[in-house]
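Please examine the structure below with a first-year student in mind. Some questions and answers will accompany it.

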Amino acid sequence: MLIPRHLRPRVEAALADTRVVMVAGARQVGKSTLVGELARERRAVVRTLDDHGTRELARADPRGFIAGLGDGLVVIDEVQRAPDTLLAIKMEVDRDPRPGRFLLTGSANILTLPAIADALTGRIELTTLWPLSQAEIERSQANLVDALFAGRPPQVSGAPVGRAAWVVRAVAGGYPEARVRRPHRRAAWFESYLATTLARDLADIEAIRKAQEMPRLLRLLATQAANIVHWGALAPRIGLDAKTVRAYSRLLETMFLVGFLPGWRPGLGAREVQAPKVYISDSGLLAHLLGVDESRAASDVQVTGKLFENFVAMEVTRALASSDVPATAYHYRDPDRRRGGEVDLVLEDRGGALVAIEAKAAASVSASDFAGLVRLRDRRGSQLEAGVVVYAGEQTLPFGDRLWALPVAAIWTG
């Protein structure tokens with residue numbers, strides 16, 4: 001059954017005032033389905049560069065390929081397979097600057113390539129489609145980010161308690177095809193998915209010297225999920241130098257398989273030098289990379305907290321992609337490095353308002369779980385709109401000025 005995607009209104013809004021719109025995201029998250037709906041409704045010309053003949057034509061003669069597609073809406077699927085096509089699109093939309101000329105999809109964020117990014121500056125809007133969110137799966141319009149920036153966290157009662165509240169959802173993840181498979185078949189799907197994705201998309205976006213190390217690096221990053229990354233510490237474990245590990249990790253980010261959160265500081269420049277935290281883009285993929293099933297995810301203390309925080313962080317990331325409030329996600333470490341001086345997620349909007357989120361895989365919370373949130377609130381004053389500890393409990397509980405304990409079910413029930 002087709003699941004409505006929360007990103008669709010944002011794509012439609014972009015088509016109304018922007019010449020080129022790109023829906024980017026990992027393979028198999030539903031990009032082609034989303035743009036296919038829009039293409040049928042708008043009677044667009046559709047071309048996919050996964051088709052060998054179409055791809056070779058686009059590579060051999062990008063300008064001729066684009067010129068032959070007409071002057072209506074054109075949809076090009078998996079555009080990263082012929083990057084020079086984007087330069088031809090730039091020339092076409094400069095000639096005809098009407099909005100809504102091109103709707104593109106890509107399984108790699110090729111806008112990180114300097115030549116492409118410079119050519120399309122001011123002409124393109126990038127949107128990101130992640131694997132299905134839990135709110136989408138439940139057909140809910142809830143958006144936790146908007147609720148928290150409004151200072152009105154969802155008031156939930158009677159939610160499932162403990163591991164039952166989230167483990168099955170987290171291990172299944174949000175890839176549409178993976179989540180409907182039986183657990184033992186899901187592992188086979190992920191293995192095939194990673195093999196083909198790493199082999200095909202890496203070749204399209206970058207010629208790397210040791211491509212065979214990428215699966216090992218991805219699994220190594222999975223063991224560090226929800227932790228701060230230190231490139232020098234990772235390098236010896238995979239036999240590469242720190243500079244190469246960092247560059248290869250950023251390629252995995254470009255393919256939407258991992259995400260890195262920079263550290264938050266009040267001064268804008270200071271954030272650029274803070275070590276990032278790493279997350280795997282889908283909790284089901286993380287469970288697969290760690291080799292754990294639902295039983296182990298619920299009982300192994302080395303896995304449970306990591307998986308829960310990654311699950312919460314990526315659900316918030318999905319909500320950010322479609323929220324009404326444009327905000328950026330960070331992590332926070334108190335510069336004094338005192339006990340309780342960390343916050344898992346800090347969201348900041350363009351006006352400087354903050355939302356802070358802690359994740360705790362337990363059915364109860366105490367005042368000590370709010371130490372980082374309290375410190376951040378007291379330091380930033382009225383900037384903080386809401387601070388929440390997301391936990392596996394039954395109901396929303398107030399814990400002081402602008403602080404709440406929030407059941408994980410609030411993410412998808414609103």
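The following exchange treats one residue, the nonpolar cores and a sheet.

User: How are residues numbered, and what is the origin of the model?

Analyst: Residues are numbered from 1 along each chain as its sequence is written, and side-chain values use heavy atoms, with hydrogens and water left out. The model is predicted: local features need pLDDT of at least 70 and side-chain atom pairs pLDDT 80 or more, while totals for chains, interfaces and linings use all residues.

User: Is R95 buried or exposed?

Analyst: R95 belongs to helix α5, residues 84-95 (helices are DSSP runs of H or I, at least four residues; strands are runs of E, at least two; both are numbered from the N terminus). Buried means under 20% relative accessible area, exposed over 50%, and partly exposed in between, with a 1.4 Å probe and protein chains only. The relative accessibility of R95 is 57%, so R95 counts as exposed.

User: Which helix gives the largest share of the largest nonpolar core?

Analyst: A nonpolar core is a set of buried Ala, Val, Leu, Ile, Met, Phe, Trp, Tyr and Cys residues joined through side-chain atoms within 4.5 Å. The largest has 122 residues, and those with the most contacts inside it include W166 and Y175. Its largest share, 11 residues, comes from residues 301-322, helix α17.

User: Why is one side of β9 and of β13 left without a neighbour in the sheet?

Analyst: Strands pair if DSSP finds at least two bridges between them. The open, mixed sheet has 6 strands in the order β9-β10-β11-β12-β14-β13. One side of β9 (327-333) and of β13 (397-398) lacks a neighbour in the sheet because each stands at an edge, with a single partner strand.
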